[in-house]
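Colleague: I've got a few "how do you know that" questions for you. Could you pull up the model so we can go through them?

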Amino acid sequence: MQRHLPNLRELRPLLRVQAPRLDRRSRLAKAVDVADLRRMARRRTPRAAFDYVDGAAQRELTLARSRAAFDAVELLPRILHGTATVDLSTTIAGGRSALPFGIAPTGFTRFMQAEGEDAGVGAAAAAGIPFSLSTMGTRSLEQVAAVAPDARRWFQLYLWKDRQKSLDLLERAQAAGFDTLLVTVDTPVAGQRLRDTRNGMVIPPRLSLATIADASYRPAWWFNFLTTEPLAFASLSGSSQDLPSLINSMFDPTLSLDDLAWIRSVWPGRLFVKGILTREDTRRALGTGADGLVVSNHGGRQLDRAPVSLEALPAVREEAGDDVEIILDSGILSGADIVAALCAGADFTLIGRAYLYGLMAGGRDGVDRVIELLAREIEVTMQLMGAASIADLGPHLLGSRSKDAAPAR
Ligand SMILES: Cc1cc2nc3c(=O)[nH]c(=O)nc-3n(C[C@H](O)[C@H](O)[C@H](O)COP(=O)(O)O)c2cc1C
């Protein structure tokens, strides 16, 4: 082998030295999946806020099982199907969505990152997907509508002890153009989130020696937190109670099916019941006149050892029949997870943590990035599976490995 000295002219095309760009979008562009965004989020967010998002109930078994169930899914490739373009749009709750997922309702959102719901609804509007505002949101119904008048907006309701307050909220939601109601039924009391207890998580955060130390290496979060509007709940007045006590004082463990039926009677729009995992609850929820169901274990944050959404889905689908729309959440962290849920019988999906990791990693730009990453993953996955549209996805595209992994029913 003959050698010669490196020739600068030959090397030049290989050397594309660029000055490092420090803006937020360039930083976020380096994240190639949700796991990368999660790592960025962790570096930039105080521990109490990050763990509030990342954690789950008790031993976090349901969360781990939910992830494992998605990982066990086998998707079948189909060769030579000529799927050059893929249509990722679909219809849900009587309207279009440009992508087969929307943003799940999350409470305390501005605590994760100061842009909070504004970032979520703005990014959802730009992407043409629905955004859900939580009862425990840090922006009011009217503020969210004003920030993104063109967004498809859904409202999530926790039943209050006080029916008049629920009614007021529902009237405001309707007046502000929220087209669909998600009624969350899996939270008669707060789940036991042990990470929060260990972190002494309170809202708003208390200034202690530990928080001041934390502030010194997460300056951007603290700067935003201290220089923007104080954290407040759209529908609840501010409180420094710890989270479970706050939730327990607001919500009612004595709620029953009659209360759900009452909500149905006063809400004229589409109504989905969120937190369904069994045949019996499917029957009971649909018996009240709900239009659809959200198969969800609340991201593993409520009953630890509750069934995994993906594994509960076939029984719920069978019980509900083909005409009832079913949305699935809990554990989705990639576009392939979304494709798996749609193949397994869901009509639509919601992302909770994935959205919040994006938000914590970079505010509005971070939420844009997570939507972009998931959309691209769905598109590539579907092309490799020879599926040209969401309607093409079904159980025929699930491999035997995933069927073996599903529990017998
Ligand atoms: C930080 C956080 C706050 C949440 N707050 C609410 C809420 O206020 N109301 C609700 O119905 N669900 C709430 N959820 C549950 C989500 O709507 C959704 O069911 C769950 O996040 C889906 O699981 P995933 O995070 O694995 O995507 C919350 C979830 C997280 C992570």
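Modeller: Sure, and keep in mind that this is a predicted model. Let's start with the ligand's shell: its residues split into eight nonpolar, eleven polar and four charged.

Colleague: How many residues surround the ligand, and which are the closest?

Modeller: There are 23 of them, and the closest are P105, S134, T184, D329 and G331. A residue gets on that list if one of its heavy atoms lies within 4 Å of the ligand.

Colleague: What makes the pair between T184 and the ligand a polar contact?

Modeller: An N or O atom in the side chain of T184 is 2.7 Å from an oxygen atom of the ligand. The cut-off is 3.5 Å, so that pair counts as a polar contact.

Colleague: And what about Y158 and G352?

Modeller: Y158 has a polar side-chain atom 2.9 Å from a nitrogen atom of the ligand. With G352, a backbone N or O atom lies 3.0 Å from a ligand oxygen atom. On its own the ligand exposes 600 Å², and the protein buries 98% of that.

Colleague: Where does the ligand sit?

Modeller: In the second largest pocket. The elements giving two or more residues to the shell are α4 (47–54), β5 (153–158) and α18 (353–384).

Colleague: Last one: why is S334 called buried?

Modeller: Its relative accessibility is 19%, and buried means under 20%, so S334 counts as buried. You'll find S334 in the loop between β9 (325–328) and α17 (335–343). A polar atom of the S334 side chain lies 3.1 Å from the backbone nitrogen of D337.

How values were computed:
Residues are numbered from 1 along each chain as its sequence is written. This is a predicted model: local features need pLDDT of at least 70, side-chain atom pairs count only at pLDDT 80 or more; totals for chains, interfaces and linings use all residues. Side-chain values use heavy atoms; hydrogens and water are left out. A polar contact is a pair of N or O atoms within 3.5 Å; within protein, one must be able to donate a hydrogen and the other to accept it, and residues adjacent in sequence count only if both atoms are side-chain atoms. Accessible areas come from the Shrake-Rupley method with a 1.4 Å probe; for residues, only the protein chains shown count as cover. On a 1 Å grid over the protein atoms alone, a cavity is a set of points where a 1.4 Å probe fits but cannot get out, and a pocket is an open set with protein on both sides within 12 Å along at least five of seven lines; lining residues have an atom within 4 Å of a point. A molecule sits in a cavity or pocket if more than half of its atoms lie within 2 Å of its grid points. Helices (H or I, at least four residues) and strands (E, at least two) are DSSP runs, numbered from the N terminus. Ala, Val, Leu, Ile, Met, Phe, Trp, Tyr, Cys and Pro count as nonpolar, Asp, Glu, Lys and Arg as charged, and the others, Gly among them, as polar. Buried means under 20% relative accessible area, exposed over 50%, partly exposed in between (1.4 Å probe, protein chains only).
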